[in-house]
Amino acid sequence: MLTTAQILEKMIVFSAGNIHDIDHLIRVWTYAQTIGKLEHLDEPTQYIVEVAAIVHDIACPLCRIKYGNTNGKHQEQESEPLVRQFLEGTGLSPEQVERVVYLVAHHHTLTNIQGMDYQVLIEADYIANATENGYSEQNRQNFSEKVMRTASGKRLLAEVFATPAA
């Protein structure tokens with residue numbers, strides 16, 4: 001089975017020099033890795049969340065061409081076959097592939113979050129997006145109160161923006 005570093009390298013190659021996409025996936029992976037470890041995820045769950053974080057925006061290049069944007073719902077809609085193809089030959093079990101596919105195909109769905117891997121991915125992606133897009137303090141506070149469930153994610157969000165944890 002490939003390590004997350006090997007999957008990251010493969011995703012960087014897939015990104016074909018798109019620095020924005022590469023920087024974003026590295027940020028999300030780093031936040032997911034950090035939150036997962038601070039929350040003491042078991043090793044199999046930690047691996048799944050890290051793989052999902054690395055490939056979570058795999059549909060962005062296709063969405064830019066097909067729709068002219070990277071709308072989250074389009075990403076979710078287009079991601080499944082791309083993730084399956086990308087993970088071929090990585091050594092992930094069919095169950096692991098299914099979970100990564102599910103997470104990537106739902107990473108913009110903030111309701112009915114099932115599983116710590118899903119929760120950590122949502123939180124990591126939000127923190128990365130908030131830093132990249134300058135989300136307002138009110139937006140960050142609302143997300144922290146209404147969506148975030150991990151103490152580590154809430155703490156990281158507050159620390160990144162130097163505000164008290166909600």
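Of the 166 residues in the protein chain of this predicted model, 46% count as buried. The chain folds into nine helices and zero strands, so that, read from the N terminus, its elements run α-α-α-α-α-α-α-α-α. The radius of gyration is 15 Å, close to the 15 Å that the globule rule gives for 166 residues, and the chain is therefore as compact as a globular protein of that length. Along the principal axes, the C-alpha atoms fill a box of roughly 45 × 40 × 30 Å.

With the overall outline in place, the open spaces come next. Rolling a probe the size of a water molecule over the atoms shows where empty space is left. The largest pocket found in this structure has a volume of about 250 Å³. A total of 24 residues line the largest pocket, and the closest to its centre are His 20, His 24, Asp 57, Cys 60 and Gln 75. Several helices share in building this lining: those that give two or more residues are helix H1 (4-14), helix H2 (19-38), helix H3 (43-55), helix H4 (60-67), helix H5 (72-87) and helix H7 (116-133). Sorted by class, the lining of the largest pocket has eight nonpolar, 11 polar and five charged residues.

The second largest pocket holds about 190 Å³ of space. Its lining is made of His 107, His 108, Leu 110, Ile 122, Asp 125, Tyr 126, Asn 129, Tyr 135 and Phe 143. Which helix gives the most to this lining? It is H7, with four residues. By class, the lining of the second largest pocket has five nonpolar, three polar and one charged residues. Helix H7 thus appears in the account of both pockets, as it also gives two or more residues to the lining of the largest pocket.

Attention now turns to charged side chains. Side chains of opposite charge can pair when their charged atoms come close. A search of the whole structure finds seven salt bridges, and a few of these can be followed in detail.

One of them joins Lys 73 to Glu 76, with the closest N and O atoms 3.0 Å apart. Why do Lys 73 and Glu 76 lie about one helical turn from each other? The reason is that they are three residues apart in helix H5. The two partners differ in their surroundings: Lys 73 is partly exposed, with a relative accessible area of 45%, whereas Glu 76 counts as buried, at 11% relative accessibility.

Helix H5 also carries the salt bridge between Glu 80 and Arg 84, where the closest N and O atoms are again 3.0 Å apart. Glu 80 and Arg 84 are four residues apart in this helix, about one turn. Here both partners are partly exposed, Glu 80 with a relative accessible area of 37% and Arg 84 at 28%. This pair does not stand by itself, for Glu 80, Arg 84 and Glu 98 are linked in a network of salt bridges.

A further salt bridge connects Asp 117 with Arg 99, the closest N and O atoms being 2.6 Å apart. Asp 117 lies in helix H7 and Arg 99 in helix H6 (residues 94-104), so this pair ties together parts that are 18 residues apart in sequence. Asp 117 is buried, with a relative accessible area of 8%, while Arg 99 is partly exposed, with a relative accessible area of 24%.

The cysteines complete the picture. A disulfide is a covalent bond between the sulfur atoms of two cysteines. How many disulfides does the structure hold? The count is zero. Cys 60 and Cys 63 show the reasoning well. The sulfur of Cys 60 has its closest cysteine sulfur in Cys 63, at 6.3 Å, which is too far for a bond, because a disulfide needs the two sulfur atoms within 2.5 Å. The view from the other side agrees: for the sulfur of Cys 63, the closest cysteine sulfur is that of Cys 60, 6.3 Å away and too far for a bond. Both residues are buried, Cys 60 with a relative accessible area of 4% and Cys 63 with a relative accessible area of 0%. Cys 60 has been met before, as it is among the residues closest to the centre of the largest pocket.

How values were computed:
Residues are numbered from 1 along each chain as its sequence is written. This is a predicted model: local features need pLDDT of at least 70, side-chain atom pairs count only at pLDDT 80 or more; totals for chains, interfaces and linings use all residues. Side-chain values use heavy atoms; hydrogens and water are left out. On a 1 Å grid over the protein atoms alone, a cavity is a set of points where a 1.4 Å probe fits but cannot get out, and a pocket is an open set with protein on both sides within 12 Å along at least five of seven lines; lining residues have an atom within 4 Å of a point. Grid points are joined across faces, edges and corners, and a volume is the space filled by probe spheres set on the points. Ala, Val, Leu, Ile, Met, Phe, Trp, Tyr, Cys and Pro count as nonpolar, Asp, Glu, Lys and Arg as charged, and the others, Gly among them, as polar. A salt bridge is a side-chain nitrogen of Lys or Arg within 4 Å of a carboxyl oxygen of Asp or Glu. Buried means under 20% relative accessible area, exposed over 50%, partly exposed in between (1.4 Å probe, protein chains only). The radius of gyration is taken over C-alpha atoms; the globule rule is 2.2 Å times the number of residues to the power 0.38.
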